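Visitor: I should like a close look at a single part of this model, together with what lies around it. Please describe it in detail.

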Amino acid sequence: MATDSWVNETLYPSWGQRFRVVRELARVQSAFQDIMIFESESHGRVMLLDGVVQITERDEFVYQEMLTHVPLLAHGDARRVLIIGAGDGGVLRRVLMHSNVDRAVMVEIDGEVIRLCKEHMPQIGGSAWHDRRAEVIVGDGIDYVRRGAPASFDAIIVDSTDPIGVGEVLFTDEFYANAARLLSAGGLIVNQCGVPFMQSDELRETSLRRARHFPHVGAYVAAVPTYVGGLMTLGFAAKQPHLDAVPRAEIEARARAAGILGKTRYWTPAIHEAAFWLPPYIAEHLPRG
Ligand code: SAM
């Protein structure tokens, strides 16, 4: 059904995407951000935060699979996972697909995002909210990592908004210093790091910060259709070397052991390996050495 109602993404002042709207489902000004969820003609249900696309039903699998399976399988035996942000539940659901995960703590600052995603996009989080291994906390991720016990997690996944507004603290030296303290000896942290074709500062500046707290810093990519501007980067920082270069056969064996092989629509062992091979226009924003 063609309507004359459109929503324009407001991420960039001079360029952007728009969605033809079938119907608006929710529009809430929470204590932290403007939350909008609508039914689109082209991408199923879509959530915007402060006018920026966060997830769409149609392509959320790309981003959530890559943000989750890559760090957990690169680590090899992540049993305790901390998720910051990710209020839609998609990362939590995928973390809990891994049979060797014992505990997944998710810290999301805005309870309204959780409530509205459960109501209007329930299949994103699915049954993860009720998994006995899951703990969902409504709070600021920076506060959680400040208080966290040393070596209490094996992997940290930061699925936040961009480093403006409430998300800004999650890209700071203080956050990364505390994340390093919270992680066990073989631990690693990944975070959404924007689309470098349009947001190269986000990748460059946060990679330099991560490099002050982790010895091994890099990034990998995913082609998320609604994160406009080409390849999306995910920051990668680890305490041990070579976690970004685990051979495909080993990744496949780990995925089979974790029970996720064949249960994904974007991630595969080959995509995992290839995602770390960065085109020069992206690699140039990473710390040398
Ligand atoms: N996949 C999306 C992307 O890449 O843009 C992000 C999805 S998720 C909805 C982003 C979440 O981060 C939001 O729900 C937001 O409330 C949360 N967030 C932002 N700052 C935060 C903070 N300081 N602590 C915890 N959660 C935060």
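Guide: Helices (H or I, at least four residues) and strands (E, at least two) are DSSP runs, numbered from the N terminus. The model is predicted, so local features need pLDDT of at least 70 and side-chain atom pairs count only at pLDDT 80 or more, while totals for chains, interfaces and linings use all residues. Residues are numbered from 1 along each chain as its sequence is written, and side-chain values use heavy atoms, with hydrogens and water left out.

The part chosen is an open sheet of 7 strands with mixed pairing, in the order β8-β7-β6-β9-β10-β12-β11; two strands pair if DSSP finds at least two bridges between them. The edges are β8 (134-138) and β11 (216-222), each with a single partner strand, so one side of each has no neighbour in the sheet. From one strand to the next, the twist averages 15 degrees. At the β8 edge, β7 (residues 103-108) pairs with β8 in the parallel sense over 5 bridges, and E108 has V138 of β8 as its bridge partner.

Two helices accompany the sheet. Helix α1 (residues 60-75) lies across β6 (80-85), β9 (153-159), β10 (183-192), β11 and β12, and runs at about 165 degrees to β10. Helix α6 (residues 173-182) touches β6, β9 and β10, with its direction at about 140 degrees to that of β10. Contact means heavy atoms within 4.5 Å; axes are lines fitted to C-alpha atoms, for helices over the stretch in contact, and angles run from 0 to 180 degrees between N-to-C directions.

Within the sheet, T233 belongs to strand β12 (residues 232-238). T233 is buried, its relative accessible area being 0%; buried means under 20%, exposed over 50%, and partly exposed in between (1.4 Å probe, protein chains only). Not counting residues up to four places away in sequence, T233 touches N191, Q192, C193, G194, P196, L203, Y220, V221 and I282.

Two loops that follow strands of the sheet deserve attention for their backbone. Most residues other than glycine have a negative phi. A86, in the loop between β6 and α2 (90-95), has a positive phi near 60 degrees. H242, in the loop between β12 and α8 (248-258), also has a positive phi, of about 65 degrees. A86 is buried at 3% relative accessible area, whereas H242 is exposed at 61%.
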